[in-house]
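User: Could you take a close look at the aromatic rings in this structure and walk me through how they pair up? I am new to this, so please go step by step.

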Amino acid sequence: MALKHFWILDNVNHLYFNVGNNFEQNKFKSNLQQDNTTISNFSNNLYHNQFTIFTSILYKKLIGDAIFTAELKYQNYYRTSLDLNNNSSYQSNLLLPKIEMDWDITNRKKLIFKYNLTNTFPSTRQLISNNILNNYNNIYTGNTDLKETFYHFVSLSYRNYKTYGWSFYPSIYYKIRNNQVQNIFNTSTIFNIINPINIDTPNKSLTTNFRVVYNYKYWKATVLTEYTNSNYATFINNNKIKSNNNSFLTRASFRTVYDNKPNIDFSYSQTHKDNTNSLFSAISNLSNLDVAVDYEYENWKFKTEYLYNFYKNNATKNTNSFNELNASIFYQKENSPWGFELLGTNIGNNISKLNSTLSSNLFSERRTFVFPRTFVIKAIYKL
């Protein structure tokens, strides 16, 4: 529930007032049995209630062609948790500022600056008092003492737009996460035990990207470059591990928009990842190619798509190439409820593809098995 009120001081100064509350109630129940006997430290029956009261004042001012906005939000948070007669509660009072400047330099050029401090609260699953068996060798243990995580977010973006010709979109984003909920891993036993805690080491990430677009009457071309750097810490067997990760992305795409001619949609991207910490160092490269052609002629629609990616892990020397060809032919007479389609997927009959993933503590390679070559005939009737 929320109540809002605004006050127009004059043509260039506005005030906005906001007050409200939010109540949320969740229940989490789990157990583990062996030989029809419930294992006590794997039983959870959590009732979680959280109540938030918030009020804010927002000031908006027009300065020439720019709109300046400043907001201050007060938030009172209270939660109670009851899990198998284990009672816990937590309360916090927060001030969350927000600043934004939106400057229309011209009707086609805009500069936007944003800063805000936000927060998130732990989930119900993270607050359980006993264990959960995630899989055959992975145990998750909750933490009833978790607190909120704070996010400082700053961004600066610029837009120079043209209907036809060159358009430019540079931007930069910086985020700091304080008091973040992070999983601690204990691998000293046959089971991997995972326990969430609030860590005092900030998680920092910086992202810059630059997008260039060229618009023409019947086609559009785009080039994007993006760099991301992140620094964070995690715990394994009570040892703090600091990680530094870099990611470079370059993507080029081309799309035609003809009315009565075949259209092509082409994109190519190259991703380079450099992930390092005291346990491992992993450098990987991924190339992706996607080409699609579609054409409509009278009552017929033709579409084909070719996908190709090549993955290489420079540390393990693992490589994998994957390509996939899909095509379809669709026929439907005008004003007819009947439609017919012949669809073919994975025509090259590929088996699997390899890719890498990165969590807060682990770099891993994942092989995905794909559905084999398939042809489908579809009949469609619209009522």
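Analyst: Happy to! Rings of Phe, Tyr and Trp (its six-membered ring) count as a pair if their centres lie within 6.5 Å. In this predicted model, the structure holds 17 aromatic pairs.

Let's start with Phe23 and Phe51. Their ring centres are 6.4 Å apart and their planes meet at 50 degrees, so this pair is tilted. That label follows because planes under 30 degrees apart count as stacked, over 60 as edge-to-face, and the rest as tilted. The pair also joins distant parts of the chain: Phe23 belongs to strand S2 (residues 13–30) and Phe51 to strand S5 (residues 44–63), with their positions 28 residues apart in numbering. Is Phe51 buried or exposed? Phe51 has a relative accessibility of 31%, so it counts as partly exposed.

Now compare this with another pair. Tyr214 and Trp219 have ring centres 5.5 Å apart and planes at 25 degrees, so they are stacked. Tyr214 is partly exposed, at a relative accessible area of 26%, and Trp219 is partly exposed too, at 24%. These two rings also have company: ring pairs link Trp166, Tyr214, Tyr216, Trp219 and Phe254 into a cluster.

Finally, some rings have a charge over them. Lys73 lies over the face of Phe54, 5.1 Å from the ring centre. Likewise, the charged end of Lys261 sits over the ring of Tyr258, at 5.2 Å from its centre.

Note on methods:
Residues numbered from 1 in each chain as written. Predicted model: local features only at pLDDT ≥ 70, side-chain atom pairs only at ≥ 80, totals over all residues. Heavy atoms only, no water. Helix = DSSP H or I, 4+ residues; strand = E, 2+ residues; numbered from the N terminus. Buried < 20%, exposed > 50% of the residue type's maximum accessible area, 1.4 Å probe, protein only. Lys NZ or Arg CZ within 6 Å of the ring centre and 35° of its normal.
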